[in-house]
Amino acid sequence: MQYQRSLDIEQRLQAVLSLIRSGGYSTPMLAEQLGVSIPTVSRDVTALRDRGHEIHSERKPGGWQYVLAGKSPSSARFANSKLREARL
């Protein structure tokens, strides 16, 4: 069952990222879309940021929305791995 919980979280993180990429979503809207609480969405966005996704909040005419910007996390990971190699 522990594995299933981890899988569910990973799938939800991917869903959050996909919705943010599509644009126009706020924390409450993501929570409603995914059927989870607002604090859960906030934790998910923090987890995605920790993985290197540049997620920002911007004020739009309809209210606050998440925006995905900048480099992809894979390029950020590549840069971090190169930095670690350089230290060795």
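**Strand pairing.** I began with the two strands of this predicted model, and I found β1 (residues 54-60) and β2 (residues 63-69) running antiparallel and joined by 7 bridges, where strands are DSSP runs of E with at least two residues, helices are runs of H or I with at least four, both numbered from the N terminus, and two strands pair if DSSP finds at least two bridges between them. I noted that the two strands form a hairpin with 2 residues between them.

**Glu54.** I then looked up Glu54, which lies in strand β1 and has Ala69 as its bridge partner in β2. The C-alpha atoms of Glu54 and Ala69 are separated by 5.4 Å, although the residues are 15 apart along the chain. Is Glu54 buried, exposed or partly exposed? I recorded Glu54 as partly exposed because its relative accessible area is 31%, given that buried means under 20%, exposed over 50% and partly exposed in between, with a 1.4 Å probe and protein chains only.

**Conventions.** I kept in mind that residues are numbered from 1 along each chain as its sequence is written, and that side-chain values use heavy atoms, with hydrogens and water left out. Since the model is predicted, local features need pLDDT of at least 70 and side-chain atom pairs count only at pLDDT 80 or more, while totals for chains, interfaces and linings use all residues.

**Overall layout.** I counted 4 helices and 2 strands, in the order α-α-α-β-β-α from the N terminus on. Of the 88 residues of the protein, 24% count as buried.

**Core.** Which residues have the most contacts inside the largest nonpolar core? I listed Val16, Ile20, Leu30, Val45, Leu48, Ile55 and Tyr66, in a core of 13 residues, the term covering buried Ala, Val, Leu, Ile, Met, Phe, Trp, Tyr and Cys residues joined through side-chain atoms within 4.5 Å. The elements giving two or more residues to this core are α1 (2-22), α2 (27-34) and α3, and α1 supplies the largest share, 5 residues. For Leu30 I set aside neighbours within four places in sequence and found contact (heavy atoms within 4.5 Å) with Val16, Leu19, Ile20, Tyr25, Val41 and Tyr66.

**Thr40.** I placed Thr40 in helix α3 (residues 38-50), and I entered Thr40 as buried because its relative accessibility is 12%. The side chain of Thr40 makes a polar contact of 2.9 Å with that of Ser37 and another of 3.0 Å with that of Arg43; such a contact is a pair of N or O atoms within 3.5 Å, where within protein one must be able to donate a hydrogen and the other to accept it, and residues adjacent in sequence count only if both atoms are side-chain atoms. I also noted a C-alpha separation of 9.4 Å between Thr40 and Thr27, 13 residues apart along the chain.

**Confidence.** Finally I checked pLDDT, the predictor's confidence in each residue from 0 to 100: the mean for the protein is 84, and 77% of its residues reach 70 or more. Confidence is highest in α3, at a mean of 97, and lowest in helix α4 (residues 73-87), at 47. Over residues 72-84 the pLDDT stays under 50, and for this stretch the model has 4 contacts beyond four places in sequence.
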